Amino acid sequence: MRKKSFRGGVHPAGMKELSEGKPIQFHQAKGEMVFPLSQHIGKPAIPVVKKNDPVLAGQVIAKADGFVSANIISSCSGKVKSIESRMTSAGVIAQCIVIDNDGAYTLMDGIGRECDYTQLTSAEIVEKVRAAGVVGLGGAGFPTHVKLSPPHPEEIDYVIANGAECEPYITCDDRLMQEQPGWIIGGLRVLLHLFPNARAVIAIEDNKPRAVAAMEQAIAGEDRMEVMLLKTKFPQGGERNLVHAVTGRKMASTDLPANLGCIVDNVTTLAAVYRAVCLSEPLMEKGFTVTGDAVAEPGNFLVKIGTSFAEILEAAGGLKAEPRKVIIGGPMMGMAATDLNVPIAKSYNALVCLTEDPVEKAEQQMTHCIRCGRCARACPVGLVPQMLNLYAERKDYDRYVKLHGLDCLGCGTCAFVCPAKRPLTQLFKMTKGVILRNRAAEAAKAKEKEEKAKEAVRV
Amino acid sequence: MNGLLNVSSNPHTRSRLTTGKVMYDVVLALLPATVFGVYLYGIHAALIIGVSVVTAVFTEFVFDYLTHRPNTLTDGSAVVTGLLLALVLPPTVPLYIPYLGSLFAILFVKCCFGGLGQNIMNPALAARCFLLISFAGAMTDYAVDGVSSATPLAVLNSGGTVDVLEMFLGYGGGVIGCSGAALLVGGVYLLLNGTITWHIPVSLIVSFALSMGIGGEGGFHPLYLLAEVCGGGILMAAFFMANDPVTSPVAVPGQVIYAVFIGILAAVLRIYGAAPDNVSYAVILCNLAVPLIDRVAIPKPFGLGDNKKKPKPKIPQPAWALAIIALLAGVALGVVNYVTAPAIEAQALAANLASYAEVLSGAENIGYEDDVTAALEGLDGTEFGRSTINEAVVGTDAAGNVVGCAINVTNSEAFDGTLSLSVGIAPDGTVLGIAFTELNETPGKGMLCDEPDFKDQFAGVQTGAFALNGDVDSVSGATISSASVVNAVNAALAFYNGYLK
């Protein structure tokens, strides 16, 4: 089998042995469920329920606002407790729908009704995906129905199932491929139906031999599907790097995969597409890994969206040691959490509790930059973080932009590999934020000026 | 979960690599060359290394302390600087040389520019250049155990041939870290564990070899190129000096440009420069160009413009500027060389002129003569015992008749290492007299060789060779010095009788 990869990248310790042998447990939350209105890229959804309204599992409780947005589905039955501002896992206070869970999980009518996708038109399939509130579940949260509606579907020649799971610690995609290969294959069949000229590639890192074996077995007899082995390397699962590894095509920061004839979806997303289209099940639950050396019984779960992190941590036996750092997502790209009483949103896939914070130690080892160039060699998008660091520190934003600093993915590769332990990624994220904010402010100012001028003309 | 949680930006994990580990990897890579140097040159080499490393570390410690900076010793960069400097010193230098060198490297080149990562030149190489300029004698004296031998490169440069394998292994002589084989082992180690990449060493060696092939005397003869690459610190520069991360470009395109420039410059300096081991200057000069290279040679971000039709890439303006500056500098160098060559020749003659006048009494004009110079060059590095013929001139009187020939000789059997003298020889082979140009013997003993009592024994004698205590009585208590003088005079006679008569 071919083994492909991209240029650059790093090899953080996998740490997947903590949970990779644990089968997926089905978890039904008991307490109140919280649904932030923005769990995706695009406009926040608009609530369609009111306080005290009864809701059923699978019911749309907030509607997509426009095309690039997504429906929010209640994953439990009960009563709307309130629609209020709450702390969400991103550390941001945002509007959420809070539902008092009755614990019965009474489903709406029609959910689970099997449906033959070959009888549906493309538009009908995309509409089913849209109604089900499916977004990219690998982390980005990009509405899937948008991805499935490229301007020229006939030009798509690759459908890539992203099973790389290159983040350390996380194993839920690995388990899903082993335990529910049928869901993933089902999702791929739907996509191949939408894109008649495409063939499907299931891309998996070579540290998941059992997932590879399961997928190989599952695609037996499928003539438009193949499994491709990728080298274990971070960020192998990054969209641009994955497209390059699989097809040899190089995506610029301004390209969408569809421009290059590719549709890339995470295996979990494909499973959700299958369940939405063929089983009429909207997105109510997703794979989730609870792990880390502070967790009593690390494991993989199929968790209801809206469950609080605290509750899923209890399901994993709670803590066996006092954590120093809790990460939502993996250690490379995840966010540090301050509070566990926040809901699991659609695109979160792990909770990692660590008794030691490697960043703390790194801060003590920090030295001046020794210009070794490891960051430039590792950067998956070919930037030179050393120089970006220089200009970001000097607040020379023009030069920062000129060196393509806005292309930074924030993947953490440079900061990981830096022997001088410079907080590169942090600085880049901050600088990017400042530049974009400055631009927005300038645009607003220009608009204001223009309007004033117009008014002056009117007067 | 009661304690406060740490919050920070991603990534929440870091590689185990630290600055200290990078530096100690370099030390480890230098170990084969260090051990071999000590094995080859003995305890004095070990002392040089010790003094250099300890001075470097101590200087940094004191600087940090006095300027109230955090202690930076754990990063190991001072050890690397000290060790690198020691390895590019001759094995016989007095111990104050590594001390001063290390002090200069750490204090002026590194700390004054802001410490680790901020220096614009490689500290060890800058210190070597400082020492080469300040202590030219000691820094180019490769005599071991009183035996002065030309370094293989010096021989090669004067047109001789050398045993390349011997040279590669390090038995040919040179600086403490002269073993190309040991350096290569270290270099390969660094390549394999990712501390360096192949771009700088390969670009440097290839561009150097190509330049030597085009401009060097040996052309593209593989053995000649191999000898040039193995000698004079090219391997040291390629794997360690030019690869110093702080003073080399960060990204690959810049690294290649930088290394190619070093290779060309090193070859130009080797072919046209005064001393053969000028690669230090080449690296230092290119170090200074790094900020410019870094600004120009920025790698293309992943995928940028790959999916669009793009105009022909333009060579950025600074690259043109750099090329033109390099060209102008080369032309200027050539012109200066052309203009100053006769003056340099006159100056060389002037150094020994007084002694020639002394031994060729009656001569009005003293100068080089083509036949004599040709004979001298024809010697091809041949030595007469432990003596080396440095120069030969011819003196004529006012009428144009030849008074005689004066030959300057250095003998390395003197009590204090070497002595040099000029011997005047009449056309019939009669010795006209001797005069010393270098005599550093024991006062009251060997220094008495310069007294007429001893010197005049040679004058007026026509012989093939003098015998000590036969034809010439030795200075009492200074037999070694006397023997050295006799051997030097005999060497001059042998040269005269064998090649000029």
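Good morning. I begin with strand β14 of chain A, which spans residues 285-291 and is mostly covered, with 7 of its 7 residues buried. Please keep in mind that this is a predicted model.

Let us take the two faces of the strand in turn. On one side of β14(A) lie A:Glu285, A:Gly287, A:Thr289 and A:Thr291, and these are all buried. On the other side lie A:Lys286, A:Phe288 and A:Val290, which are buried as well. Both faces of β14(A) are therefore covered, where a residue counts as buried if 20 or more other C-beta atoms lie within 10 Å of its own.

I turn now to the partners of this strand. Strands of a sheet pair through backbone hydrogen bonds, either parallel or antiparallel. In which sense does β14(A) pair with strand β15 of chain A, residues 299-304? The pairing is antiparallel and runs over 6 bridges. With strand β18 of chain A, residues 350-354, β14(A) pairs in the parallel sense over 3 bridges.

A:Thr289 illustrates both pairings. In β15(A), its bridge partner is A:Asn300. In β18(A), A:Ala350 stands opposite A:Thr289.

Finally, I would like to present another part of chain A. Here an open sheet of 4 strands follows the order β3-β9-β8-β5, with antiparallel pairing. Which strands form its edges? The edge strands are β3 (33-36) and β5 (54-55) of chain A, each of which pairs on one side only. Within this sheet, strand β8 (residues 78-87) and strand β9 (residues 93-101) of chain A are joined in the antiparallel sense over 9 bridges. As an example, A:Arg86 stands opposite A:Ala94 in β9(A).

Thank you for your attention.

Methods
Residues numbered from 1 in each chain as written. Chains lettered and ligands numbered in written order. Predicted model: local features only at pLDDT ≥ 70, side-chain atom pairs only at ≥ 80, totals over all residues. Buried ≥ 20, exposed ≤ 12 C-beta atoms within 10 Å, placed from the backbone. Helix = DSSP H or I, 4+ residues; strand = E, 2+ residues; numbered from the N terminus. Pairing = 2+ DSSP bridges.
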